[in-house]
Amino acid sequence: MENIEEKACLCALNRIFGFEPKIALALIEILESASEVFRLSSKDLELITGPHFKYKGQICRKAADDAAEELIRLKNRGIEFYGVTHPGYPALLKECSDAPIGLYIRSVSPPEDLWGDGVSIVGTRDISPYGREWCGKIVRSLSYSPHKPVIVSGLALGTDIEAHRTSLERGLPTIGVMATGPDIIYPARNRATAELMAATPGCALVTDYPPGTAPLAIHFLRRNRIIAGLSKATILIESKIKGGGMATCRLAFSYNRDVFALPGRIDDLRSQGCNRLIREKIAEPITSEEALLESLGMKLSARQKAASFRERLADTFRDTLPAEDQELLHKILSIINKERGITVEDLCTRAGLSYSRASEAACLLEIEGFISIDLLQRCSINYKNA
């Protein structure tokens with residue numbers, strides 16, 4: 001059974017030591033539970049912490065009782081609190097020395113079902129068309145992996161919300177880490193996406209800030225460590241030299257997690273942060289979707305790649321070709337996948353098409369990067385894009 005007292009005491013410690021969780025973690029380790037912290041007399045607490053401990057007056061029975069009442073109110077609103085000693089607390093985050101004492105979680109799924117192989121995607125709010133395109137490509141590529149990762153981001157404008165929305169569209173679980181209390185969605189324009197995440201199995205909204213916490217600048221910096229801590233890898237899409245995405249990547253690097261950055265033009269302010277992390281060897285450059293998947297240990301087999309052809313074709317040609325033409329391209333692509341090096345002329349026979357029709361389809365596939373055609377008109381799958 002769940003220990004309600006321990007949960008309330010963890011919640012109270014999270015309120016008190018939100019910006020200095022290491023102190024609370026040390027107290028819990030010494031006393032072996034959060035409940036024992038609140039059973040200490042003032043004299044015993046002073047023996048452990050010293051006479052000048054600034055939080056001494058806040059560690060009292062009333063703080064734990066108030067936290068217990070808060071948890072009841074939140075539960076009625078579909079928000080749960082899980083402390084660092086709870087089995088539902090994310091294991092990856094627990095590895096971090098500055099892990100929060102607890103998390104407020106809003107989700108239709110139990111916490112044990114939320115913490116998969118997390119991949120954080122972060123970046124500037126002022127995302128460029130280039131950044132938006134590659135954010136979509138990266139999430140799309142991750143969605144083809146046989147082991148679906150959880151996409152983690154900060155629910156902010158620009159890169160964050162692009163990652164969340166694309167994840168939902170692609171059927172990937174996604175977690176939004178908020179810089180506010182669990183009862184406040186910021187920015188308000190992202191409320192619809194946030195509500196959809198909270199209502200989608202495998203997705204969640206999480207924060208370590210207590211109810212009523214406003215979106216102040218300092219809160220975003222503290223929030224970033226959770227984004228980095230929940231993930232095995234962090235991907236920076238775009239960032240200036242200074243920014244939240246840069247801070248998240250440096251935190252991820254300090255946690256010995258993998259960091260990747262999308263290279264950009266030297267004179268583009270939105271790429272200067274990515275380029276710097278690559279130069280400093282903090283981040284590995286993203287050179288292709290396939291290379292990224294391989295680095296993440298999610299490389300697709302030839303069979304898995306072939307199975308994804310139809311879906312990728314639909315993504316590429318949904319707005320430009322009718323369904324029957326897409327089906328024809330899929331047929332040709334499947335033939336080329338089975339017979340690497342087949343010529344366009346032989347493709348006509350296999351597909352039952354005229355030379356002009358087969359050549360037109362093959363050229364279209366080559367233009368979009370699905371196949372390569374050499375000087376002898378031999379066709380082969382271009383797995384970097386297909």
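**Figure 1. The whole protein, with its 18 helices and twelve strands**. Welcome to the overview: this is a predicted model, and its secondary structure comprises 18 helices along with twelve strands. Taken along the principal axes, the box filled by the C-alpha atoms is roughly 90 × 45 × 35 Å.

**Figure 2. Burial and contacts in the protein**. Here we turn to the packing. The protein has 386 residues, and 53% of them count as buried. Take the contacts between residues at least 6 apart in sequence: 71% of these join residues at least 24 apart.

**Figure 3. The exposed surface and its charges**. About 18000 Å² of the protein is exposed, with carbon and sulfur atoms supplying 53% of that area. On the charge side, there are 49 positive and 49 negative side chains. The centres of these two sets lie 3 Å apart.

**Figure 4. An open sheet of three strands**. Follow the strands in the order E10-E12-E11, and you will find the pairing antiparallel. Strand E10 (342-343) and strand E11 (371-373) each have a single partner strand, so they stand at the edges, with one side of each left without a neighbour in the sheet. As a friendly reminder, strands of a sheet pair through backbone hydrogen bonds, either parallel or antiparallel.

**Figure 5. A closer look at E10 and E12**. Strand E12 covers residues 378-381, and two bridges join E10 to this antiparallel partner. To find your bearings, look for Ile 342, which stands opposite Cys 379 in E12.

Key. Residues are numbered from 1 along each chain as its sequence is written. This is a predicted model: local features need pLDDT of at least 70, side-chain atom pairs count only at pLDDT 80 or more; totals for chains, interfaces and linings use all residues. Side-chain values use heavy atoms; hydrogens and water are left out. Helices (H or I, at least four residues) and strands (E, at least two) are DSSP runs, numbered from the N terminus. Buried means under 20% relative accessible area, exposed over 50%, partly exposed in between (1.4 Å probe, protein chains only). Contact means heavy atoms within 4.5 Å. Accessible areas come from the Shrake-Rupley method with a 1.4 Å probe; for residues, only the protein chains shown count as cover. Lys and Arg count as positive and Asp and Glu as negative; His and the chain ends are not counted. The place of a charge is taken as NZ of Lys, CZ of Arg, CG of Asp or CD of Glu. Two strands pair if DSSP finds at least two bridges between them.
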